[in-house]
Every structure is written in structure tokens, then in C-alpha cells.
Amino acid sequence: MIIGLTIILLLVLLLPFTKLVERNLEVFLFIMGVLSVIVSRVMDWDLMKEALLHPINITIAVLVAGLLFRWFKTPIEKGIASVSNAIDFRLFIALLVIVLGLLSSLITAIVAAVILVSVISVLKLDRQSEIKLVILACYAIGMGAVLTPIGEPLSTIVVGSLNESFLYLLRLVGIYVIPGVIVFGILAAWMIKPKDNSDKNANHDNSDIQTETNEDSLAGKESYAEIIVRSLKIYIFVMALTFLGAGFQPFIEKFLLDMSPLALYWINMISAVLDNATLAAAEISPAMSEPTIKAILLGLLISGGMLIPGNIPNIIAAGKLKITSLQYARFAFPVGLIAMAAYFVVILITG
């Protein structure tokens with residue numbers, strides 16, 4: 001069983017970088033998820049029911065958000081253009097990442113990701129800046145969403161399993177998460193440049209770029225079919241993660257549960273490809289001390305941004321903007337490693 005699960009884990013880690021799997025990522029993860037529960041012999045009606053029901057709320061949120069942004073695309077784009085013209089471009093980018101990161105705990109990480117995609121479509125950045133902005137913003141969104149139980153599934157599961165209050169996670173990790181979100185915003189402001197910023201007319205580029213809410217912009221409006229297909233892909237994706245999480249439960253129990261919190265912090269980098277909510281459910285117990293819970297959560301939150309399958313905002317933004325797994329990983333993985341190292345030092349210092 002363990003050998004089979006190890007092989008599946010390696011396939012999940014490596015094959016998304018191939019073109020064939022890249023184009024069919026959700027289906028691939030679904031197949032791997034089904035294989036994992038078969039190998040683990042955990043497939044039953046309760047798991048099937050959970051896999052069918054678990055993605056519904058997220059899918060509905062993605063569908064509704066997609067429809068709203070289709071219907072209100074023009075005023076939203078004009079509003080974004082007005083704000084970005086009124087302030088310095090770098091300040092706008094920093095505020096975009098920070099505000100979306102913090103608001104994601106209230107509007108959900110999914111809606112924050114959809115807003116991010118809409119804003120980027122207006123900014124019309126060069127490709128490398130676009131990819132970097134997506135990644136830094138997804139890190140901020142993925143981290144910020146944990147501050148309340150409604151932000152993402154991980155926070156819902158943790159608060160529920162510990163039987164804690166609505167603001168528990170804000171009190172526990174807010175002092176670590178909020179500065180992290182701000183840092184990602186500052187990094188975005190430093191790294192992202194307006195298109196053609198090197199041109200001698202660079203002073204006018206920001207205004208020109210931001211005011212492109214004309215016919216070309218309207219032509220980019222999503223069709224209803226595209227919105228529905230994306231919502232179905234999210235449904236399949238979350239179902240796949242549910243199967244993967246359940247299928248790897250024996251693997252987690254055998255190798256992870258008896259490890260020290262600091263070791264789990266690094267081992268939890270597997271949440272880059274597995275559902276971090278499921279890992280949190282398997283690892284976190286009311287018997288644990290708060291420093292232990294804190295270390296586990298921070299490891300899960302940061303590593304969730306390293307690869308596209310690691311978090312739902314990643315797959316929404318990357319899918320809509322056609323960012324490949326390799327393009328994403330080239331920038332996101334080193335950023336994640338640096339963030340993991342930085343937070344590890346903070347955890348050691350603060351206990």
C-alpha cells in the first residue's frame with residue numbers, strides 16, 4: 001500500500017509539468033485521487049458522499065462570482081482604472097495584493113482570486129509581471145483566508161475540530177499572517193512594472209494602460225459556457241483533492257503524526273499538491289499545544305502557494321490566465337522556500 005501511494009505521490013508531483021497533463025490537470029488529479037483511495041482501500045459510501053457534496057459550496061461561489069463579473073465587467077474595469085490612475089502604480093499593486101489577502105478571510109479565497117483575475121485583465125501587464133503578480137497575490141490570498149472560518153476549507157476544519165470561536169485563528173496566527181500578507185504586497189510593488197515601463201514615455205504608460213476599458217476590453221468578456229466549464233473544473237478539482245486526502249490518510253498516519261511540530265512544518269510542503277484542509281484535519285488535535293498548531297498551520301499555508309494544485313486561488317487564477325505549471329513553479333517554488341525558511345526562523349524565535 002505504502003509503495004503504491006508513494007508512486008502516486010511522485011506522479012502527482014511530476015506529471016503536471018508535462019503538456020498533456022497540464023491541459024487536463026483536473027481530470028489527472030481526479031484519476032490519481034481515485035487510484036489513491038483504491039490502493040488505500042478506503043473507498044466507501046461515506047467518502048463518495050463527501051466527495052460529491054464537499055465541492056458544491058465552492059463551485060457555487062465560483063459560478064456566482066463569474067456571473068457577477070460578467071454582468072458588471074465594464075463598471076468594475078472603469079472603477080479599477082479610476083483607482084489605478086488616481087494613485088501611484090506601485091502603491092496600487094501593493095494595495096491590491098494586501099487588500100485581497102486580508103479581505104479573502106471575509107469574501108472567501110475563491111472570490112478574491114476571481115477579483116484578482118479581473119484586475120489583471122485590465123492592467124495588461126507584460127507576461128512575466130503578470131505571472132509574478134498572480135503568484136504573490138495568491139500567496140497573500142491563501143494566507144489571509146485562514147483568519148476566519150469562512151475564508152477557506154482549512155480554517156473551517158481547524159476551528160470546527162478544535163471547537164473554537166470565530167476569531168480563534170486571527171488571535172493564533174494573525175500576528176504572523178498579516179505581516180506576511182503585507183510583505184507579499186511590498187514584494188509585488190517592487191517586482192511588478194507597468195507594460196513598456198522602460199519606454200521613454202513611461203510616465204504616460206500607466207494612464208494609457210489603465211484606461212483601456214474600451215471595445216477591446218469588452219471583447220474579452222467571458223462567455224457563459226466558459227464560466228460554467230471553469231466551475232465544473234473547480235468541482236472536479238475539489239473532488240479530486242477530497243479523494244487524494246482520504247487516500248493518503250494511511251500514509252499520513254504512518255509517517256507524519258508522530259513527528260515533531262518543526263519536522264511537520266517542513267513535511268507539510270506536500271500540501272503543495274495535496275489538500276491542506278485534509279492534512280490539517282489529519283494532523284491537528286485539541287490535545288496539541290497552540291505553538292504546535294501554529295507551526296503546522298503556517299507550514300500548510302505557505303507551501304500551499306508553491307504549485308498550482310496547492311490552493312484553489314492558484315488554480316483559478318492560473319487556469320483563467322493560462323499560466324502553466326512550469327511557469328508557475330519557476331517563480332512560486334523559490335518564493336515559497338524563502339518564505340518557509342523565514343517563518344521557520346520566526347517560529348524558532350517566538351516558540
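1. Six helices each supply at least two residues to the lining of the second largest pocket in this predicted model. They are helix H5 (56-71), helix H8 (109-123), helix H10 (153-162), helix H14 (224-247), helix H17 (276-283) and helix H19 (312-320).

2. The second largest pocket encloses about 440 Å³ of space. Its lining is made up of 24 residues, and those nearest the centre are His54, Ile58, Glu152, Pro153 and Thr156. Sorted by class, the lining of this pocket comprises 14 nonpolar, eight polar and two charged residues.

3. On enclosed space: the structure has one cavity of 30 Å³ or more. The space in the largest cavity is about 40 Å³. Lining the largest cavity are Val12, Leu13, Pro16 and Phe17, together with Val273, Leu307, Pro309 and Ser325. Seven of these lining residues are nonpolar and one is polar, with no charged residue among them.

4. Which residues have the most contacts inside the largest nonpolar core? They are Leu133, Val177, Phe184, Leu297 and Ile316, in a core of 106 residues. In soluble globular proteins, nonpolar side chains tend to be buried together.

5. Leu133 can be followed in detail. Leaving aside residues up to four places away in sequence, Leu133 touches Ile93, Leu96 and Val97, then Ile120, Leu123 and Leu125, and also Ala188 and Ile192. Apart from the largest core lies another one, of six residues, including Val37, Leu47, Met239 and Ala246.

6. How many salt bridges are there? The count comes to one. It joins the side chains of Glu130 and Arg127, with an N to O distance of 2.6 Å. This pair counts as a salt bridge because 2.6 Å falls within the 4 Å limit between a side-chain nitrogen of Arg and a carboxyl oxygen of Glu.

7. The two partners sit in helix H9 (residues 127-144). Because Glu130 and Arg127 are three residues apart in that helix, about one helical turn separates them.

8. Are the partners of the salt bridge buried or exposed? Glu130 has a relative accessible area of 12%, so Glu130 is buried, the cut-off being under 20%. Arg127, at 32% relative accessibility, counts as partly exposed. The salt bridge between Glu130 and Arg127 therefore pairs a buried residue with a partly exposed one.

Conventions. Residues numbered from 1 in each chain as written. Predicted model: local features only at pLDDT ≥ 70, side-chain atom pairs only at ≥ 80, totals over all residues. Heavy atoms only, no water. Core = buried A, V, L, I, M, F, W, Y, C linked by side-chain atoms within 4.5 Å. Buried < 20%, exposed > 50% of the residue type's maximum accessible area, 1.4 Å probe, protein only. Contact = heavy atoms within 4.5 Å. Helix = DSSP H or I, 4+ residues; strand = E, 2+ residues; numbered from the N terminus. 1 Å grid on protein atoms, 1.4 Å probe; cavity = no way out; pocket = protein on both sides within 12 Å on 5 of 7 lines; lining within 4 Å. Points joined across faces, edges and corners; volume = space filled by probe spheres on them. Nonpolar A, V, L, I, M, F, W, Y, C, P; charged D, E, K, R; others polar.
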